[in-house]
Amino acid sequence: MATLFRDKAVESIERGALEKYQLTYLRKSVESALKTPFYQKRLKKAGISCADKIKSLEDLDRIPFTVKDDLRESYPRGLLAVDIKDVVRIHTSSGTTGIPTVIYHTQHDLDCWTELVTRSIYACGVRDEDVFQNMMTYGMFTGGLGLHYGAERLGSLVIPSSSGNTQRQLQLMKDFQTTVVHATPSYMFHLATKIGEFGFTLKDLFLKKAFLGAEPYSENTRRKIEDFFKIDVYNSYGLSEMNGPGVAFECVEKNNMHLWEDAYIMEIIHPQTGKRVPDGEEGELVLTTLCRQATPLLRYRTRDLTMIMPDPCPCGRTHRRIFRITGRTDDMMIINGVNVFPSQIEQVIMRVPEVGNNYQICLTREGALDRLTVKVEIYSKLFAGDLSELEKLKAKIRDMLKASIIINPVVELHEPGSLPSFELKSKRVVDLREKL
Ligand code: AMP
Ligand code: ZN
């Protein structure tokens with residue numbers, strides 16, 4: 001297939017020119033970061049009192065890392081670099097309640113983000129004649145609005161169907177002749193298993209491409225989805241701290257994801273030492289925003305594991321590619337595309353007076369979707385009581401969890417001492433999902 005560029009000058013920019021551009025915009029980012037209470041303290045401590053201290057890209061090393069907890073501790077406005085009147089939207093990380101990580105956007109920020117998404121989907125051949133059904137959740141989660149505006153700017157017909165309601169999704173796909181979808185890989189599997197049940201066949205669909213992301217998946221999964229639907233599947237990576245989708249995207253080569261280096265400086269570091277690792281070696285992805293006014297983030301540790309692909313891509317884009325995300329350095333679980341930390345579950349169940357000391361978090365797969373089961377030990381005297389009381393307790397815990405982590409878990413009540421206990425570091429999460 002011919003190489004497809006939306007903006008050839010930017011996408012195939014010569015590396016030297018790209019690095020010059022990055023330095024200019026890194027200094028701008030440092031300058032605006034210094035307007036936030038958080039970075040004022042952090043950067044001054046590191047001896048960076050003004051942007052002039054950054055003389056080359058190597059000076060990036062002088063900037064301390066930023067981590068998710070920094071964002072939480074700066075809630076709500078500690079990382080805001082502009083006047084609130086210039087902010088037009090906020091987004092937060094998926095699944096987080098309690099103290100979320102909030103990202104503010106000016107209109108300029110949204111325009112840049114949209115352009116990155118438009119550029120990405122254009123590279124895969126999406127055009128104005130396409131019908132784009134966005135099956136990612138709308139709202140604070142960035143997968144909805146992020147792709148929405150990108151596809152709209154391209155002129156495609158956008159169906160903002162959001163997630164869930166599989167029968168309706170299939171009906172919309174049939175009636176409006178959807179050619180492109182955006183979803184999680186697990187949801188595409190789910191669609192595949194439900195298509196016949198709802199009375200549809202592949203002949204009812206007009207699908208050509210799918211952009212799949214928000215959770216890790218393997219090459220095998222891509223192939224299975226491609227073979228089932230007879231489509232092309234492209235990997236899409238992003239995180240709300242870096243806008244959302246549009247950070248890194250596959251081109252038609254379908255051989256790992258170009259990370260848009262005019263918008264982000266990327267580094268891959270050893271998660272323990274914090275030192276940069278060579279291209280082709282796995283480590284943690286660290287990103288610096290280059291064109292965000294409202295919430296500039298410097299050397300943000302994504303916790304995602306990947307590596308820089310050492311070879312250039314035959315498509316001609318000079319922005320380097322990262323390998324598909326292989327895991328995380330922290331204990332964050334991704335359940336049907338929603339981020340959940342075990343600590344969020346613990347905080348909820350330990351608020352319930354009937355719950356004893358021990359609990360276990362089990363992840364399994366039911367059909368194509370993930371299923372979360374939270375097993376808790378309760379005091380033995382409760383088992384002697386009325387069965388309906390136990391059902392009420394289960395429902396109470398389920399509702400409290402749902403309110404905190406957004407997804408609906410199965411709750412099991414167990415006798416004291418029946419769940420595995422640990423003398424040293426506990427292993428509370430049992431992940432029995434087969435690697436997709
Ligand atoms: P959120 O901030 O809620 O959008 O979640 C972002 C996280 O989702 C990332 O840090 C990754 O761990 C995960 N993620 C997003 N896209 C992908 C992808 N294509 N492959 C693997 N993991 C992904
Ligand atoms: Zn390419």
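Modeller: Before we discuss helix H8, a residue is called buried when its relative accessible area is under 20%, exposed when it is over 50%, and partly exposed in between, with a 1.4 Å probe and protein chains only. This is a predicted model, in which local features need pLDDT of at least 70 and side-chain atom pairs count only at pLDDT 80 or more, while totals for chains, interfaces and linings use all residues. Residues are numbered from 1 along each chain as its sequence is written, and side-chain values use heavy atoms, with hydrogens and water left out.

Colleague: What makes H8 largely enclosed by the rest of the structure?

Modeller: Because 8 of the 10 residues of H8 are buried, the helix counts as largely enclosed; the buried residues are Pro 185, Ser 186, Tyr 187, Met 188, Phe 189, His 190, Leu 191 and Ala 192. Their cover includes helix H7 (166-175), strand S5 (180-183) and helix H9 (219-229), as well as strands S17 (355-366) and S18 (369-378). Helices (H or I, at least four residues) and strands (E, at least two) are DSSP runs, numbered from the N terminus.

Colleague: Why is Lys 194 called partly exposed?

Modeller: Lys 194, whose place is in H8, has a relative accessible area of 21%, and because the buried class is for values under 20% and the exposed class for values over 50%, this value falls in between. Lys 194 touches Thr 166 and Leu 170, not counting residues up to four places away in sequence, where contact means heavy atoms within 4.5 Å.

Colleague: How do you know that domain 1 and domain 2 are in contact?

Modeller: The domain assignment, which is automatic or from a database, gives domain 1 (1-328) and domain 2 (333-435), and 14 residues of domain 1 are in contact with 15 residues of domain 2. The area buried between these domains, meaning the accessible area (1.4 Å probe) that two parts lose on being put together, summed over both, is about 1,100 Å², of which carbon and sulfur atoms give 55%.

Colleague: Which elements give two or more residues to the side of domain 1 that touches domain 2?

Modeller: They are helix H4 (68-73) and helix H8 (185-194), and the largest share, 3 residues, comes from H8.

Colleague: How many salt bridges does the rule find across the interface of domain 1 and domain 2?

Modeller: The rule, which asks for a side-chain nitrogen of Lys or Arg within 4 Å of a carboxyl oxygen of Asp or Glu, finds 0 salt bridges across the interface of domain 1 and domain 2.

Methods. Chains lettered and ligands numbered in written order.
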